[in-house]
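Below is a set of questions and answers on one protein model, meant to be read alongside its sequence and coordinates.

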Amino acid sequence: MNKTYILFCLMLMIIISFGCNREEKMLKSSLDSIAEDDIKAKISILASDEFLGRAPATEGEEKTISYLAEQFRKTGLEPAIGTSYFQEVPLIAITPDPSLKLVITCGRNKLDLNFSDDFIGYTCQTGAEITIDNSEVVFIGYGINAPEYGWNDYKDVDVKGKTVLMLVNDPGYVTGDSALFTGKAMTIYGRWTYKYEEAARQGACAAIIIHETGAAAYPWDVVRNSWSGRQFHLAGNELSKSDLKLQSWITTESAKKLFESAGVDYAAVTSSASKRGFKPVKMNLKASASWKNKVEYTKSVNVAAVWPGSERKDEYVIYTAHWDHFGVNPSIKGDSIFNGALDNATGTAALIEIAEAFVCLPKKQKRSVLFLAVTCEEQGLLGSKFYAKNPVFPLNKTAAVINMDALNIFGRTRDMTIIGYGNSQLDDYAESVLKKYNRYASPDPEPEKGGYFRSDHLSFALAGVPSLYLSGGIDDIEHGKAWALAEAEKWIIANYHKPGDNYEPDKWKFDGMIDDIKVYFEVGYDLSNTEEFPEWNPGTPYRSVRENMMK
Ligand SMILES: [Zn+2]
């Protein structure tokens, strides 16, 4: 072998190894900055009792948003709104009356449903007194009008001024029939938000959803806790302008009593609701309720901070995490603070952690990155909905959204779940980063729970912006998939939307969480360096909205 060739080979090796390492070198200090002690410190503050469960428009909000703004400022991020980190979100707060009774009559027979144990109810109306007087009750099946699935529960009946009684989820879920809707996987029509909106569009006076743990994806306690305190709505929302006076849920037991008093076979009628050709059932029942309505006009904020790009500053990648949770419920004996440690002190802490990682880059990314800690997610994705309607930076210059809500506390996994897998080209970005770490992306293991419709990326998806909802994996390295699913389920039953969602550093595992945060960071890093605007895949309902805004 001649000397020149040896020299050539040596040089080639140097060039190759330099090339391989450049990207890694570029990311090393950022990735190293994502560390267990760091994330623990942030979660412990956000989930502390001092932050009072981070309820919007309370002292807990003040503490939370000051902390977040201070973290962003210290990290060197710019305020997104002039000199301010706060985007104001105007709200109406309505407190339901716990003495409220829903009275159902059938001729002379009367059934009183009590707030909290039998039903929960609230209104978006702003009147001082709300009265529902002998409104006729109609069982409307799933309460769905979905032309693309050839389904309309409202087609044979006029429900103006009436009370619609309906089931949660959709006919595909209950039958598992893939020819109905999307089979087991929940569609947006399965969600309570949609059902109330459709009832309002149809002119109903009251809407009652029958709770069922499997179909709703959570037990009655979650419904009760979520709607017992002060309810927030965006000021001037569509429901407050409609005739819908009452939005409510009743327990399965209450529903059965109600059907019994009407002499209608519960099992037979509810099962007919999932078959094509279902006809609404006039229940021969009347609903009445009357209550004083406590209305306050208030506001909350989305916290927004920018790390500007080096080349295409006017293009954005957005990271979102909701900072809010349920606050304090003084009527609960013992621990009455909903600390929301997992949901979503973890995601909020990760938001700051990732901002710090971007700042550590030796060379700035090309696009700007917006870190958006949104409010009122727990009240129906209100903060993100508000941003999507009042974007600080144009949505057609927003390349993608990456949402973080409740990170992995169970240990390292081989995979990460993409909720809404197959929706957009963002899957490719996530998959390529995961591959680098010898990990893989898996689809939502429980699409029947409607995860895609339950966090802030949805607000952006509905507004057309490709949004990625990556979540902790289920292929646990140490214990396998069955164990991981069972652990998550156990946690949900014990703690989800309950005061038990506490920060437990001795029980939680952080290695898997750190792995995942690095993936979130790198996916956003790649998106902030590409010129591509990722697209929704054909067949997704969000694609046409995006195409229109990009014209
Ligand atoms: Zn959450």
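Q: Against which elements do the buried residues of α7 pack?
A: In this predicted model, helix α7 spans residues 220–228 and packs on the sheet, where it touches β5 and β12. Its buried residues are Trp220, Val222, Val223, Asn225, Ser226 and Trp227. The elements against which these buried residues pack are β5, α5, α6 (213–216), β11 (231–234), β12 and β17 (337–338).

Q: What angle does the direction of α7 make with that of β5?
A: Helix α7 touches both β5 and β12 as it packs on the sheet. Taken against β5, the direction of α7 makes an angle of about 30°.

Q: Across which strands does helix α5 lie, and at what angle to β10 is it running?
A: Helix α5 covers residues 192–201 and lies across β5, β9 (163–167), β10 (206–210) and β12 (246–250). With respect to β10, the helix α5 runs at about 150°.

Q: Which strands are the edge strands of the open sheet of 8 strands?
A: The strand order is β4-β3-β13-β6-β9-β10-β12-β5, with mixed pairing, and neighbouring strands are turned by 25° against each other on average, direction ignored. An edge strand pairs on one side only, and this holds for β4 (109–114) and β5 (119–122).

Q: Which residue in β4 stands opposite Ile104?
A: Strand β3 (residues 101–106) is joined to β4 by 6 bridges, and the two run antiparallel. Opposite Ile104, the residue in β4 is Leu111.

Q: Which residues are the protein donors of the zinc ion, and is its site tetrahedral or irregular?
A: The donors lie 2.0 to 2.5 Å from the zinc ion and are His322 through NE2, Asp343 through OD, and Asp405 through OD, the last being listed twice. Tetrahedral geometry would need all angles between 85 and 135 degrees, whereas the angles among the 4 donor atoms are 54 to 150°, and the site is therefore irregular.

Q: Where in the chain do His322 and Asp343 lie, and are they buried or exposed?
A: Along the chain the zinc donors follow the spacing H-x20-D-x61-D. His322 lies in strand β15 (residues 312–322) and Asp343 in helix α11 (residues 341–359), a pair 21 residues apart that links distant parts of the chain. Both His322 and Asp343 are buried.

Q: How many residues does each domain give to the contact between domain 1 and domain 2?
A: Domain 2 is assigned to 98–292, while domain 1 is assembled from several segments, including 38–90 and 299–408. The centres of the two domains, taken over C-alpha atoms, are separated by 32 Å. The contact takes 21 residues from domain 1 and 19 residues from domain 2.

Conventions:
Residues numbered from 1 in each chain as written. Predicted model: local features only at pLDDT ≥ 70, side-chain atom pairs only at ≥ 80, totals over all residues. Heavy atoms only, no water. Donors = N, O, S within 2.8 Å, 3.2 Å for Na, K, Ca; no water. Tetrahedral: all angles 85-135°; square planar, octahedral: opposite > 155°, others 65-115°. Helix = DSSP H or I, 4+ residues; strand = E, 2+ residues; numbered from the N terminus. Buried < 20%, exposed > 50% of the residue type's maximum accessible area, 1.4 Å probe, protein only. Pairing = 2+ DSSP bridges. Axes fitted to C-alpha atoms, helices over the stretch in contact; angles between N-to-C directions. Contact = heavy atoms within 4.5 Å. Domains from an automatic or database assignment.
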